[in-house]
Amino acid sequence: MSSSVSVPRLVIAAPSSGSGKTTVATGLMAAFAARGLAVSPHKVGPDYIDPGYHALATGRVGRNLDAYLCGAELVGPLFAHGARGCDIAVVEGVMGLYDGAAGEGELASTAHVAKLLRAPVVLVVDASSQSRSVAALVHGFASWDPEVRVGGVILNKVASDRHEELLREALDSAGVPVLGVLRRVAQVDTPSRHLGLVPVAERRAEAVGAVAAMAAQVSAGCDLDALVGLARGAGVLSCAAWDAAEVLASSPPPPLPVPTLGAAPPDPRFRPEGPRPQTPDGLEAPVVAVAGGSAFTFSYAEHAELLTAAGAVVVPFDPLRDEQLPDGTRGLVIGGGFPEVYASELSANEPLRKAIGEFALSGAPVAAECAGLLYLCRELDGLAMCGVLDASARMSERLTLGYRDAVAVSDSALAVAGTRMRGHEFHRTVVEPGSGAAPAWGVRAPQRRVEGFVQQGVHASYVHTHWAAQPGVARRFVERCGTS
């Protein structure tokens, strides 16, 4: 196992959101890939949507680097894991360069991650409403933290040749080279809605065109050779690459499974019909079904890797299309996404809703986050859902957004009571009641409260967590699936 990382890398940052980071980062990834480079795509923070566009641009899984959810000590190892075998890595930042977790200083900011990765920063500046002032802006960002190396600037939304000339003239004195100039191009725009960009899975053909347009614009307007040269100047990173099997082997074993009081015996319909892979001790590996498709697009790649390393066979399914759970399903994971957009189609798939309800009633382990929580409710915006939880969900005008410091309130298929995890909430929906008789989490901010549901084998909550921070939850979940 290597203890150092020398992959060339760049962090794409901006003074604020809306400056064009996603266009530049995705375009660079695609442009580098078109040159024959193996590109490792990364995103700072908990965002699930941008990595989908990154994956489309590079042909590799987009991975998140979140110093709040996973801890600063895991940023380097997770980066090294994703960048294995790559020629270059591009890391898209979050918000403004120095914006981090609220009240936590630089924690989880793009600047913080850039320092942890010893990576140079390329600042994307929206120049649409300024000329000479751009020099003061760039100088301020480049000099604010001497440990952050701003190695160049890409000017976005430049109006004309004359505008470009004025901007370059002003930046001559700032000491930061201009590595690219981009004009506004309509076809690069990607549609947004209540939680940001529309995910790739919902508009794949259009997304392919948008990524191609980004690559063409970046290739035409940026000095790719200079950007590669800047990436090669990144310092050697001293850390070992994260490995799911190794972290599970070194983490403490979970407590004994929690008995499911009053649960029915396992339903034979959810038992395998054919031979399955075996665990090292010769037992059959349990199948864990993971919801996907257009309605459930939010997941971290490391979750499936941890489940696999823990001995499970991970099988995706699409609640919009599939009428039954995969053969042999012993555990069910329903992550985030947009069930509110697809509520009619999800409701119309009555056979799967019924199958999931019966599966949960059997006492088998079910982990549901945010969209998964809504899907397990009795109804969503008046349309029938799975009915696992005696709760009703609806769309809301209010955006709930932010990191959460959470503690498990009840023993569940994921964790024992008292387990601390950091999470993130991001939704415009409301579930009533917000918690069951056995809540999932207690959170401290923005106010102290309990939320979510633990009943039989079900753990359902609004809080998204990153299992790499607590790999034992994956092993505990797989152990709850059983191996018979």
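## Contacts around His81

Contact here means heavy atoms within 4.5 Å. In this predicted model, His81 is in contact with Arg63, Ala241, Trp242 and Glu305, leaving aside its neighbours within four places in sequence. His81 is found in helix α3, which spans residues 75–82.

The relative accessible area of His81 is 14%. The cut-off for a buried residue is under 20%, so His81 counts as buried. Trp242 also takes part in a polar pairing with this residue: a polar atom of the His81 side chain lies 3.2 Å from the backbone oxygen of Trp242.

## The chain as a whole

The protein chain has 484 residues, and buried residues make up 58% of them. Its secondary structure comes to 14 helices and 22 strands.

Among contacts in the protein chain with a separation of 6 or more, 76% are accounted for by residues 24 or more positions apart. The chain exposes about 19,100 Å², and carbon and sulfur atoms supply 52% of that area.

## Helix α14

Helix α14 covers residues 472–481 and is mostly covered, with nine of its ten residues buried. The buried residues are Gly472, Val473, Ala474, Arg475, Arg476, Phe477, Val478, Arg480 and Cys481. An α-helix has 3.6 residues a turn, so residues three or four places apart point the same way.

The elements that the buried residues of α14 pack against include both helices and strands. The helices are α9 (244–250) and α10 (301–309). The strands are β10 (287–291), β12 (329–334), β13 (366–369) and β17 (420–432). After α14 comes Gly482, which has a positive phi, near 80°.

## Thr58 and His424

Thr58 lies in helix α2, residues 50–58. With a relative accessible area of 15%, Thr58 is buried. Not counting residues up to four places away in sequence, Thr58 touches Met29, Val39 and Pro41. Of these partners, Met29 is 29 residues from Thr58 in sequence, while the C-alpha to C-alpha distance is 6.1 Å. The side chain of Thr58 also has a polar atom 3.1 Å from the backbone nitrogen of Arg60.

His424 has its place in strand β17, one of the elements that the buried residues of α14 pack against. His424 is buried, its relative accessible area being 9%. Residues up to four places away in sequence aside, His424 touches Pro46, Leu69, Leu401, Gly402, Tyr403, Arg404, Tyr462, Val463 and His464.

## Salt bridges

The structure holds 18 salt bridges. Side chains of opposite charge can pair when their charged atoms come close. One of the bridges joins Glu106 and Lys115, with the closest N and O atoms 2.8 Å apart. Glu106 counts as partly exposed, at 35% relative accessibility.

A second bridge joins Arg183 and Glu164, and here the closest N and O atoms are 3.1 Å apart. Arg183 lies in strand β7 (residues 178–183) and Glu164 in helix α6 (residues 161–171), so this pair ties together parts that are 19 residues apart in sequence. Arg183 is partly exposed at 28% relative accessibility, whereas Glu164, at 18%, counts as buried.

## Strands β16 and β17, and a network

Arg394 forms a salt bridge with Glu432, the closest N and O atoms lying 3.2 Å apart. Since Arg394 lies in strand β16 (residues 392–408) and Glu432 in strand β17, the pair ties together parts that are 38 residues apart in sequence. Arg394 is partly exposed at 37% relative accessibility, and Glu432 is partly exposed with a relative accessible area of 43%.

Salt bridges with shared partners also join Asp161, Glu164, Arg168 and Arg183 into one network. The Arg183 and Glu164 pair described above thus belongs to a group of four residues.

Key: Residues are numbered from 1 along each chain as its sequence is written. This is a predicted model: local features need pLDDT of at least 70, side-chain atom pairs count only at pLDDT 80 or more; totals for chains, interfaces and linings use all residues. Side-chain values use heavy atoms; hydrogens and water are left out. Buried means under 20% relative accessible area, exposed over 50%, partly exposed in between (1.4 Å probe, protein chains only). Helices (H or I, at least four residues) and strands (E, at least two) are DSSP runs, numbered from the N terminus. Accessible areas come from the Shrake-Rupley method with a 1.4 Å probe; for residues, only the protein chains shown count as cover. A polar contact is a pair of N or O atoms within 3.5 Å; within protein, one must be able to donate a hydrogen and the other to accept it, and residues adjacent in sequence count only if both atoms are side-chain atoms. A salt bridge is a side-chain nitrogen of Lys or Arg within 4 Å of a carboxyl oxygen of Asp or Glu.
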